[in-house]
Amino acid sequence: MSPVDFYVLRFLDFNIYIYHLYIFYFPFAIETGRHDRIPEEIRICPLCEDGIENELHFLLTCPTCTPIRKTFFKNIQNLIPDFHELGEPQKFTSIMTNLDNTAAKFIRDCFELRTFLLAEHKIND
């Protein structure tokens, strides 16, 4: 495999996470609750139980992802100098339109942490 082939595969691997957010593929409570006809206001994040679990909560406010988020925000600050001054919808848009792998790695790392913690919770119940 050539270095170019490896880069293309790695780029696609990371960016599939961004694509999954675009198509509502991740099993956030906002989506799973919709299918189960649960009122939106009680589709609470199973990790922090402090807010409706949707894409914005998952990426920008859930305390579970804070360590990952801090590292990512430091990195994205170099690309978007006023990133910390943006509102949540603008931050989300900036993350989703980031063309390098930084955003995709951030999303992947948060989702893998979420998956691990939810699996651990099921095991320990």
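Me: Contact means heavy atoms within 4.5 Å. With that in hand, which residues does Arg43 touch, not counting residues up to four places away in sequence?

Reply: One thing up front: this is a predicted model. Leaving out those sequence neighbours, Arg43 touches Ala29, Ile30, Gly33, Arg34, Ile38, Gly51, Ile52 and Glu53. Arg34 shows up from its own side too: beyond four places in sequence, Arg34 is in contact with Ala29 and Arg43.

Me: Where is the place of Arg43?

Reply: Look in the loop between helix H2 (29-35) and helix H3 (55-61). Arg34, one of the residues Arg43 touches, is found in helix H2.

Me: How do I read burial? Is Arg34 buried, partly exposed or exposed?

Reply: Under 20% relative accessible area is buried, over 50% is exposed, and partly exposed is in between. Arg34 has 45% relative accessibility, so it counts as partly exposed. Ile42, found in the loop between H2 and H3, counts as exposed because its relative accessibility is 52%.

Me: Which residues join Ile42 in a nonpolar patch on the surface?

Reply: Ile38 and Ile44 do, and the patch has about 230 Å² of accessible area together. Ile38 also has its backbone oxygen 2.7 Å from a polar atom of the Arg43 side chain.

Me: Now charges. What is the nearest side chain of opposite charge to Arg43, and how far away is it?

Reply: The general idea is that side chains of opposite charge can pair when their charged atoms come close. For a salt bridge, the side-chain nitrogen and the carboxyl oxygen have to be within 4 Å. Glu40 is the nearest candidate, at 4.8 Å, and Arg43 has no salt bridge even though it's buried.

Me: How many salt bridges does a search of the whole structure find?

Reply: The search turns up 2. In one, Glu53 pairs with Arg114, with the closest N and O atoms 2.7 Å apart. That pair links distant parts of the chain, 61 residues apart: Glu53 is in the loop between H2 and H3, and Arg114 is in helix H6 (residues 101-124). Glu53 and Arg114 are both buried. You've met Glu53 already, as one of the residues Arg43 touches.

Me: And which side chain does Asp109 meet in a salt bridge?

Reply: Arg108, at 2.9 Å from N to O. Try the burial reading again here. Asp109 counts as partly exposed because its relative accessibility is 29%, while Arg108 counts as buried because its value is 17%.

Notes:
Residues are numbered from 1 along each chain as its sequence is written. This is a predicted model: local features need pLDDT of at least 70, side-chain atom pairs count only at pLDDT 80 or more; totals for chains, interfaces and linings use all residues. Side-chain values use heavy atoms; hydrogens and water are left out. Helices (H or I, at least four residues) and strands (E, at least two) are DSSP runs, numbered from the N terminus. Buried means under 20% relative accessible area, exposed over 50%, partly exposed in between (1.4 Å probe, protein chains only). Lys and Arg count as positive and Asp and Glu as negative; His and the chain ends are not counted. A polar contact is a pair of N or O atoms within 3.5 Å; within protein, one must be able to donate a hydrogen and the other to accept it, and residues adjacent in sequence count only if both atoms are side-chain atoms. Patches are made of residues with over 30% relative accessible area and no salt bridge: like charges are joined within 9 Å, nonpolar side chains (Val, Leu, Ile, Met, Phe, Trp, Tyr) within 5 Å. Accessible areas come from the Shrake-Rupley method with a 1.4 Å probe; for residues, only the protein chains shown count as cover.
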